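Q: Could we go through this structure together? I would like to begin with the contacts and then move on to other topics.

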Amino acid sequence: MDKNFKETSRSGGIIWLFQRVSAVILFVLLMAHYVTYHFIGHGIVKYVDVIEKMKAPWFNLVQFLFLFTALYHGINGIWMVAEDYMKKKGTRIFVFSILVMLGAILMFVGMLTIFKAGAKL
Amino acid sequence: MSKEKRIIKILRYDPANDKKPHWVDYTGEFDSDSTILDVLNDIHWKTDGSLAYRRSCRSGICGSCAMKVNGQNILACETPIHKFKGKIKIEPLPGFAIIKDLVVDMDLFFEKLKKVKPYLVVDKPLPDKEFTQSPEEFEYIRESVTCILCGACTSSCPSLWGNEDYLGPAALLKAYRFIFDTRDDGANERMDIVNDKNGIWRCHTIFNCMEACPKDIKITEYLSRLKVKIVENSI
């Protein structure tokens, strides 16, 4: 079929696709998390086990991916639903800015936990 | 057939006399197999002739008598009263402006339907006889062609309640019905129309439309297929 209709980037098609892709990534990471923590090795997860894991760079990389995907998926989801109820451009910009800032703050706090706190302890 | 006494609550609204809709109670004895439409007819013919509601075929075909009963969007003509326990609360379809009592303004609904070009668009030379289609090809649209345009799905959609510019499930299902019809040549044009902020992307797969559809059409599933097709064609 021809591709002669307008692109989906501004219509909502691309964020819909990314929402689905991030959901699949989240599902895989969540399953990996459960298997790594609860089904392999120690049984009951202790604080020291987590700290030990956090010393490995590959583990932190996975945690970072988890954090980024979860935040993207959550904030994009709120935005997609919030868009239903906002028509004024000013309101949309305001809510979008709040969500982006919220995402940035949570990302910063999460990265501190993953990279800094884990390395010190 | 046993008769039973039922209390019927109807949300009445006459714009000439009422400031806002209000509930009116009616009591009567009805056969347990009576439909909601039978009950409304009984009230209209014997008790209160001023009650306004739409009806036509009384066979679940015309889609005129969609309304909300005990919280569900149903067709009055094919829903028996024994499906509901206790009081029966009858309201007009939500999400549409009320004209009078149970009659709602469907103009916007049909305007949106027209936007997606709800007819066969043919660019290729016409065949000598009819257009042919294999059973497999027809299977894609078999269920969607049974839509009777009653508006029960569109009226049940929370995305529409929040944004009246949203095309809504009925119009989008009609777009699906023609986009996936192998005889049609207007798919790109229709996809261009529904691929919009107020088009298919306002559907958040809430599934209310599927629950409300009196013809049991898997609307949400078909709209999801349509989303995939649009994204596939734009990548």
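A: The conversation below concerns a predicted model, and it takes up the chain contact, the domains and one residue in turn.

Q: How many residues does each chain give to the contact between chain B and chain A?
A: Chain B contributes 25 residues and chain A contributes 22 residues.

Q: And what area is buried there?
A: About 2,100 Å² is buried between chain B and chain A, and carbon and sulfur atoms give 52% of that area.

Q: How many salt bridges cross that interface?
A: There are 4 salt bridges across the interface of chain B and chain A. One of them joins the side chains of B:R202 and A:D84, with an N to O distance of 2.2 Å. The interface also has 5 residue pairs in polar contact, both residues being at pLDDT 80 or more.

Q: Which elements of chain B give two or more residues to that side?
A: They are α5 (158-162), α7 (187-194) and α9 (219-234) of chain B. The most comes from α9(B), with 7 residues. By class, the side of chain B that touches chain A has 8 nonpolar, 9 polar and 8 charged residues.

Q: Changing topic, how is chain B divided into domains?
A: Domain 1 of chain B covers 3-104, and domain 2 covers 107-234. Their centres, taken over C-alpha atoms, are separated by 29 Å.

Q: What do the two domains of chain B bury between them, and how many residues are in contact?
A: They bury about 900 Å², with 59% of it on carbon and sulfur atoms. In this contact, 12 residues of domain 1 of chain B meet 14 residues of domain 2 of chain B.

Q: Which side chains form a salt bridge with B:K215, and at what distance?
A: The side chain of B:E78 meets that of B:K215 in a salt bridge at 3.6 Å, N to O. Between domain 1 and domain 2 of chain B the count is 1 salt bridge. There are also 4 residue pairs in polar contact across this interface, both residues being at pLDDT 80 or more. The side of domain 1 of chain B that touches domain 2 has 7 nonpolar, 4 polar and 1 charged residues.

Q: One last residue: where is B:T79 found?
A: B:T79 lies in the loop between β4 (72-75) and β5 (88-91) of chain B.

Q: Why does B:T79 count as buried?
A: B:T79 counts as buried because its relative accessibility is 5%, and the cut-off for buried is under 20%.

Q: What does its side chain reach, and which residues does B:T79 touch?
A: The side chain of B:T79 reaches the backbone oxygen of B:L75 at 2.7 Å. Leaving aside residues up to four places away in sequence, B:T79 touches B:S34, B:T35, B:I36, B:I74 and B:F84.

Note on methods:
Residues numbered from 1 in each chain as written. Chains lettered and ligands numbered in written order. Predicted model: local features only at pLDDT ≥ 70, side-chain atom pairs only at ≥ 80, totals over all residues. Heavy atoms only, no water. Contact = heavy atoms within 4.5 Å. Buried area = accessible area lost by both parts, 1.4 Å probe. Polar contact = N/O pair within 3.5 Å; in protein donor to acceptor, adjacent residues only side chain to side chain. Helix = DSSP H or I, 4+ residues; strand = E, 2+ residues; numbered from the N terminus. Nonpolar A, V, L, I, M, F, W, Y, C, P; charged D, E, K, R; others polar. Buried < 20%, exposed > 50% of the residue type's maximum accessible area, 1.4 Å probe, protein only. Domains from an automatic or database assignment.
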